[in-house]
Amino acid sequence: PRWAAKAYRKLLRAFLDRCDDIVATSPNYIQSSPVLKPVESRCSVIPLGVDVERFSKVSPAAIAECEGILGDLPRPRVLFVGRLVYYKGVDVLLKALAHVPGVSGIIVGDGPLKRELGEFAERLGISKRVRFLAPLPDDLYPAIYHCADFFVLPSIERTEAFGIVGLEAMAAGLPLVTTELSTGTSYHNKDRETGFVVSPGDVKELAERLSLLAAEGTQRQGFGLSGKKRVKEHYEDVSTLEAYFSFYGDTARKLPQ
């Protein structure tokens, strides 16, 4: 909670002063963090990773089952996956969808704002082209990415430190729209290479990017292929594990023998 931030920051700084090494998931977060920037010399970057094959090679049966859940929801479709909490900015996505009548929305997740967001979609007049789905079982979860045409992570606060769902979407070949929070959301998603990066909370800008992706199938495909290549090269979960093993090995070698 915001009221506790000042006291928590002091406690966190005291804790970090006792650490020899600190790992962050992106250089963006180190540079923009008032807590990590002063101890930058002790920071290393190891990004989060994802099982690329799990999201890239999905059975047709699982995709068909997800399509059955979505029913007659028209395409193109934008997908959001995550907790339905304030900092995710799902209300911003719904407002943007109201400005792009040709695009449908798939919202996968649960959380304290689920009912409120459903009612908000009703008031915006977009409930017929938005599906709110509960978290999916493991066997169906990767398939929902293959039922969408692009992915949006519209987070509005730095609480979104990385956004691993963006990696999952990239592995599935989807172009991304994320927000510039000076965190991992603009580290794994490269603006105009794997998708678009927009200002947090900017409904108009988000709607414009959704319109572009909806209209430009060739651009969607290009971003998707670039994202698939990038996640395979830099964010494979095996690479993350290897980086941590190497990190701990280097740390151990620094210790007094």
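The following paragraphs describe the overall fold of a predicted model and the packing of some of its helices.

The secondary structure of the chain amounts to eleven helices and eight strands. With a radius of gyration of 19 Å, close to the 18 Å that the globule rule gives for 257 residues, the chain is as compact as a globular protein of that length. The C-alpha trace spans about 65 × 40 × 30 Å along its principal axes, and 47% of the 257 residues count as buried. When contacts between residues at least 6 apart in sequence are considered, 71% of them join residues that lie at least 24 apart.

Helix α5, which comprises residues 90-98, contributes the buried residues V90, V92, L93, L94, A96 and L97. The cover over these buried residues of α5 includes the strands β3 (77-81), β4 (104-108), β5 (130-133) and β6 (150-153), together with the helices α6 (114-124) and α9. Two packed helices are described by the angle between their axes and the distance between the axes, and the contacts of α5 with α6 and with α9 are presented below in those terms.

The axes of α5 and α6 come within 10 Å and cross at roughly 20 degrees; this angle is under 35 degrees, and α5 is therefore roughly parallel to α6. The crossing of these two helices is right-handed. On the α5 side the contact is formed by V90, D91, L94, K95 and A98, which meet L117, F120, A121 and L124 of α6. Divided by class, the residues of this contact of α5 with α6 are seven nonpolar, no polar and two charged.

The axes of α5 and α9 (residues 203-215) come within 8 Å and cross at roughly 60 degrees, and the two helices are therefore oblique to each other. The crossing of α5 and α9 is likewise right-handed. Here V92, L93, K95, A96 and L97 of α5 meet V203, L206, A207 and L210 of α9, and the contact consists, by class, of eight nonpolar, no polar and one charged residues. K95 of α5 thus takes part in the contact with α6 and also in the contact with α9.

Helix α9 is also packed against helix α10 (residues 217-234), the axes coming within 5 Å and crossing at roughly 100 degrees, which makes α9 roughly perpendicular to α10. The residues that make this contact are L212, L213, A214 and A215 of α9 and G217, Q219, R220 and F223 of α10. By class, the contact of α9 with α10 has five nonpolar, two polar and one charged residues.

Two individual positions were examined in addition to these helix pairs. P142 is located in helix α7 (residues 141-144) and, at 5% relative accessibility, counts as buried because this value is under 20%. Apart from residues up to four places away in sequence, P142 touches R54, F55 and V58, while its C-alpha atom is separated by 8.2 Å from that of S56, a residue 86 positions apart from P142 along the chain. A252, by contrast, is placed in helix α11 (residues 237-254) and is partly exposed, with a relative accessible area of 39%. The C-alpha atoms of A252 and L94 are separated by 49 Å, the two residues being 158 residues apart along the chain; L94 itself is among the buried residues of α5 and belongs to the set that meets α6.

Methods. Residues are numbered from 1 along each chain as its sequence is written. This is a predicted model: local features need pLDDT of at least 70, side-chain atom pairs count only at pLDDT 80 or more; totals for chains, interfaces and linings use all residues. Side-chain values use heavy atoms; hydrogens and water are left out. Axes are lines fitted to C-alpha atoms, for helices over the stretch in contact, and angles run from 0 to 180 degrees between N-to-C directions. Helices (H or I, at least four residues) and strands (E, at least two) are DSSP runs, numbered from the N terminus. Angles under 35 degrees count as roughly parallel, over 145 as roughly antiparallel, 65 to 115 as roughly perpendicular and the rest as oblique. A crossing is left-handed if the near helix is turned anticlockwise from the far one by less than a right angle, and right-handed if clockwise. Contact means heavy atoms within 4.5 Å. Ala, Val, Leu, Ile, Met, Phe, Trp, Tyr, Cys and Pro count as nonpolar, Asp, Glu, Lys and Arg as charged, and the others, Gly among them, as polar. The radius of gyration is taken over C-alpha atoms; the globule rule is 2.2 Å times the number of residues to the power 0.38. Buried means under 20% relative accessible area, exposed over 50%, partly exposed in between (1.4 Å probe, protein chains only).
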